[in-house]
Amino acid sequence: MKTRVRFTVNGDTIDTAIDVRATLLDFIREELRLTGTKKGCDHGQCGACTVLVDGKRSLSCLKFAASLEGRAVITIEGIGKPDALHPLQAAFIKHDAFQCGFCTSGQIMSALEVIGDPLANTCEAISEKMSGNLCRCGAYPNIVAAIMEVKSNGTV
Amino acid sequence: MVKSIGAPHDRIDGIPKVTGGATYAADVKLEGQLYAIALQSTIAAGKIVALESASAEATPGVVAVYSHLNARQALTWIHADELLALSAEALGLSAFPSGSSRPRGYLPLTSPEIYFAGQWIAVVVAESIEAARHGVGRIKVRYEVDAASVVMNDEKDDWIEPTFFFGADMQVQRGDAPKTRHGEVFIQETYATPMQLHQPMEPSATTAYWDGDDVTLFDSTQGVVATREYVAQSLKVPKEKVRVISAYVGGGFGSKNQVWPHQALAAHMARALGRPVRLQLTRSDMALASGHRSFTEQDVRLSADRDGKIRLLQHISRVPTSIQGGFFEPCGLNSLLLYGAEELDVRHRVSRKNIPTPTPFRAPGETPGSFALESALDELAHTLKMDPLELRRRNFPSRDSYHDRDWSSNHLLECYRLGAAAFSWPGRYVPPRSIREGSEMVGYGMATTAYPAPALPATVKLRLQVQGRAIIETSATDIGTGMYTILAQTVADELGLPVSQLEVRLGDSSFPNAPTAGRSKSTASVLPAARQACLSLREKLALLGASYSPTPQSNESIFSLLEREAIPEVVVEGTSTGMPREHDLSFYSFGAHFVEVRVDEEIGRIRVSRVVSALDCGRIINPKTATSQIKGGIVFGIGMALMEQGEFDPIHSRLINDNLADYHIPVNADIGEIDVIFIDKPDTRFNEFGARGLGEIGVPGTAAAITNALYCATGKRIRSLPATAAALL
Amino acid sequence: MEPFEFVRPTDIQDVLVAIRRPGSRILAGGTSLVDLMKLGVEAPSTVVDINALPLSMISVEGDALSIGALASNSDVAVHRAVKQHAPAVGQALLSGASGQIRNAATVGGNLLQRTRCTYFRSRDWPCNKREPGSGCAAIEGVNVGHAVLGISRSCIAVHPSDIAVALLAVDAYVHLASVAGERRIAIGDFYCQPGDTPSVETVIGPNELITKVEIPITNLNATSSYLKLRGRASYEFASASVATAILRDGDIVIDAAVAVGGLGTVPWRNRTAEKLLIGKKLTQESILAFCDALFAPASATPSNTYKLALARGAIHRTLRGGAEW
């Protein structure tokens, strides 16, 4: 069963008929071929699929793509390019805030909200606010350091 | 030029990883690609008596349903000994005495027999993920249920005594043990560790496609060469026809170390259907179809003099394996090496249970074994009212008495000294429950860690191109370890090129062979091969008339030489030899963990507030990635100590927490301060770099250091992990 | 997942008509429904997306704080009026799930969140809540996280919501609309204990929609706070949680509300027990007496009895406000 939906992904308008059962995650990965967003658990338990929906971090595995009418979605591909990294992306590299890299897109998309959160101004608060993004490699302290650096530099 | 080795170089795979450009196995989508999802058995033992797939097959978008009823014919999917010998099922089978009936391993979809709950019994292939999921939900299965057991029973189980595993005898008795009681102080306790799940963030996936007789797999594996062997054997095609690519692997920790059936199954289905197929494991499958660390029970007995000298160390492990497989946790490995007791009794007993086949998981053996051993040492220290660090110092093993060899290099005492100083270790006996801060009880604990330093032969190809860059190729994988980066650093130093001029290509079975990334062996296997390749390159350039020295100035002349001679590319290979043969030595890494915990007893809040780990891993090639890897090992240890526990339903013998909401791994807020100190003294008798691997050594000992600290804080000894609020209060 | 019809009415009347279809389910934030549909636990024939409705307002209306059913957990948590008049509600929301889920999840949806019982969340197990009459696998199964209050022979599943516990402590009301009209229910009357019908979780009718939650603005509610205990430091459902509100005249308690989460098949509160606190000082003894009364009906298994100790600790900690005895 298909339904028509119109929304934007990284600024591009999507206007298409899609399987009502398709999650935003599967839609952006399989149809739009934006595979930077990862499927870690498919049940809202790991954060690897985090994207921004209307500027707010959100789990794309727990959204039907059909429900995004009129929304604006930003994925990891939409925030920086290899030759023009977002400050967070650069800080993640500098602080070695990943190892295998699989959770990294989700971490960065989640951190995008945290760097703008005035309540997240200590390492402890950042750590709590980033707790919806699991990292089995254990890069947590480095993730906090990367976010802290971007916040303190005021580059965003 | 600044040396690259030893510098905290950023990961060279950083940009693709932070921009979403790194392509993992399930990120590949090919023209006409199909999606496959498996159905799991709901029973733990018995037989399928009916499997109704017509409704699933009729589901819109479903292309095929495979089960034991049709896989043999439709997929040429056949259970064969020579295949199973290459699979995860086989690891450990050789340790079982030939007298005991040797099981054949299990291969899903080959028979109606059920050996464990969660076993794959059907696979649905469809045009979309949605349709595949829909189809799986429509398969109806009827079973004949047999009695299953997932709990060990000392008296009733049919125990097997394995022989030789992981380079050690599994039944070691030295001296008069256990008949005599030499010392004056005794400890005898039983320790238990639960089932643990690897849960790398990337669920394993294989995308397979055929081009004529050639098949390519985009796979998530720690070892592309081993995978190619297995898949070729399964498909009955020459291995040259199989290419396995794992350029990026989203973590493994052992779950992608062995080869699992899904990797071949994707290729079989793609061949049968004439279309590319992606088979991605669900998070639940990751708990059941790619191994786990089994639960263990360990009896440890220590006997010591009043001055703390350990006379007897007895460590008896009871561990399970699956009905058809072979892997078991060799818990006693570190007990053979550490503390040098003259009387040693280290044995293992194995019982077959209705569990999926266990598999190596970040320091298999050493991790659960260290929990028992290092806890027992702490108990001994408290009995003696002695500083636990001082107890370990007094029992420092000056040589490897089990193998009767000297250590190639052992700076454990330096780890104790530097770690204690950085931690501000009390340096005296601290009685339990003696430190309170506000509502919290504070405790300190420590433990030793040790892990072998193996190496295997590896080959690295180096291609110097006239355009002014060098390409490094080997089949080794970077599962988050930093292999991309340290290879580049190595070649940069040897050739005097900046890292930016190098391109490292990994994880492709068409590249020269390197061992599977596991057991902390990649650094010592691959880097010497890279150096050999660089030496070959210099020789080759010399033949071309270039006087080569690794300085930036000369490189310009190398590239201009290639240009002048109209040579587009010079290709060389270098091969390493594995373990050094010129020394009869024991090659090990060592370390010590120091932990502070805080326990708010009224509300049951337990936090690991501070960890300092000092490690002797030889020379550190890249302190940045090395520190990250050790921190990651410590985070594993924190998870093991406080929360990780696979649980079986007691009636149905089925794992109930096969997901990340119910199987807890640490989140960001669980992790406090972690300080990693490297002794950084080269082990030059191991290899020319003096470097040993460090993927596992952060894990062993960490859990015990934490529970030892919990004892110090609360007076409550945790002998069965995890140390939850329920267990502690 | 079976296919379904997807509708997205923009008018509340159209929603109320759409949800009258048998087999329809309301989709708000989706954090619960999408998950359960993937698990096959929910299989609606029609999904009614209500996100086009203007139901996300948070405002003070007279002597009540009004929170629209579609207000996101994140927005509610940091709203000034919520922090001022019902701090426990904001704290409960911030303690729940993760930042990502809080952005998507709505207040109305959170009230209807289904249990996290493993046996409920897979069709492979018997579960009276999911499939009435099929039995309860949890009673003889792994029940370390299961309820100790309000249980029955049919079900011991614990209610997972944090906000519902806070709302119970602040005497909130749930507003419901249907084609037949509107009604208001005290949150204390909203949830049903499982009894013999664990599939019936609330008094909400099949054709009703939650439109808003209303919190009385009182001096008591302004003192409220929420403490959540769990195994890992974040991103986990409560082992035990407590929402408390206390009004004192000097040392003497003149009004008290204590609701407990993570222990009951429904958010738990006992007004009779609370009376034990009134007119007294908050001492170890008075709090102990209150806890004894509150937990008198508890029935624990060996594996979940620790929850009672945790809840008692949490109540002591919050009532005494961190002061040393």
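**Domains, chains and salt bridges in a predicted model**

Across the interface of domain 1 and domain 3 of chain B, 7 residue pairs turn up in polar contact, both partners being at pLDDT 80 or more. That confidence score comes in because the whole structure is a predicted model. On the domain 1 side, helix H6 (224-235) and strand E13 (242-245) of chain B each bring at least two residues to the surface that touches domain 3. Sorted by class, this side has 9 nonpolar, 6 polar and 2 charged residues. The interface also has 1 salt bridge. B:Asp508 pairs up with B:Arg243 in a salt bridge, with 2.5 Å between the closest N and O atoms. In terms of contacts, 17 residues of domain 1 meet 15 residues of domain 3. Together the two domains bury about 1,200 Å², 47% of it on carbon and sulfur atoms, and their centres, taken over C-alpha atoms, sit 36 Å apart. As for where the domains run, the assignment for chain B puts domain 1 at 25-147 + 201-251 + 256-288, domain 2 at 296-454 + 583-728 and domain 3 at 455-575.

Next comes the meeting of chain A and chain B. Here 52 residues from chain A and 56 residues from chain B take part in the contact, and the two chains bury about 4,300 Å² between them, 54% of it on carbon and sulfur atoms. The count of salt bridges between them is 6. In a salt bridge between B:Arg278 and A:Glu30, the closest N and O atoms are 2.7 Å apart. There are also 32 residue pairs in polar contact between these chains, both residues at pLDDT 80 or more. On the chain A side, helices H1 (24-31), H2 (87-94), H3 (104-115), H4 (123-129) and H5 (140-153) each hand over at least two residues. H5(A) gives the largest share, with 5 residues. By class, this side of chain A splits into 21 nonpolar, 15 polar and 16 charged residues.

Salt bridges add up to 83 over all chains. In one of them, C:Asp75 and A:Lys56 meet at 3.3 Å, N to O. C:Asp75 lies in helix H3 (residues 73-78) of chain C and A:Lys56 in strand E4 (residues 56-59) of chain A, so this pair joins two chains. C:Asp75 is partly exposed, at 36% relative accessibility, and A:Lys56 is partly exposed too, at 34%. Within chain B, B:Arg505 and B:Glu473 form a salt bridge at 3.2 Å, N to O. This pair links distant parts of the chain, with B:Arg505 in strand E23 (residues 502-505) and B:Glu473 in strand E22 (residues 469-473), 32 residues apart. B:Arg505 is partly exposed, with a relative accessible area of 25%, whereas B:Glu473 is buried, at 4%. Another pair, B:Asp600 and C:Arg317, meets at 2.7 Å, N to O. B:Asp600 belongs to strand E26 (residues 588-600) of chain B and C:Arg317 to helix H12 (residues 306-320) of chain C, so two chains are joined here as well. Both B:Asp600 and C:Arg317 are buried. Salt bridges with shared partners also tie B:Arg463, B:Arg469, B:Glu473, B:Glu503, B:Arg505 and B:Glu569 into one network.

Finally, chain C has a mostly covered helix, H5 (residues 87-95), where 7 of the 9 residues are buried. Among them are C:Val89, C:Ala92 and C:Leu93. Just after this helix, C:Ala97 takes a positive phi of about 50 degrees.

Terms used: Residues are numbered from 1 along each chain as its sequence is written. Chains are lettered from A and ligands numbered from 1 in the order in which they are written. This is a predicted model: local features need pLDDT of at least 70, side-chain atom pairs count only at pLDDT 80 or more; totals for chains, interfaces and linings use all residues. Side-chain values use heavy atoms; hydrogens and water are left out. Buried means under 20% relative accessible area, exposed over 50%, partly exposed in between (1.4 Å probe, protein chains only). Helices (H or I, at least four residues) and strands (E, at least two) are DSSP runs, numbered from the N terminus. Contact means heavy atoms within 4.5 Å. Buried area is the accessible area (1.4 Å probe) that two parts lose on being put together, summed over both. A salt bridge is a side-chain nitrogen of Lys or Arg within 4 Å of a carboxyl oxygen of Asp or Glu. A polar contact is a pair of N or O atoms within 3.5 Å; within protein, one must be able to donate a hydrogen and the other to accept it, and residues adjacent in sequence count only if both atoms are side-chain atoms. Ala, Val, Leu, Ile, Met, Phe, Trp, Tyr, Cys and Pro count as nonpolar, Asp, Glu, Lys and Arg as charged, and the others, Gly among them, as polar. Domain bounds come from an automatic or database domain assignment.
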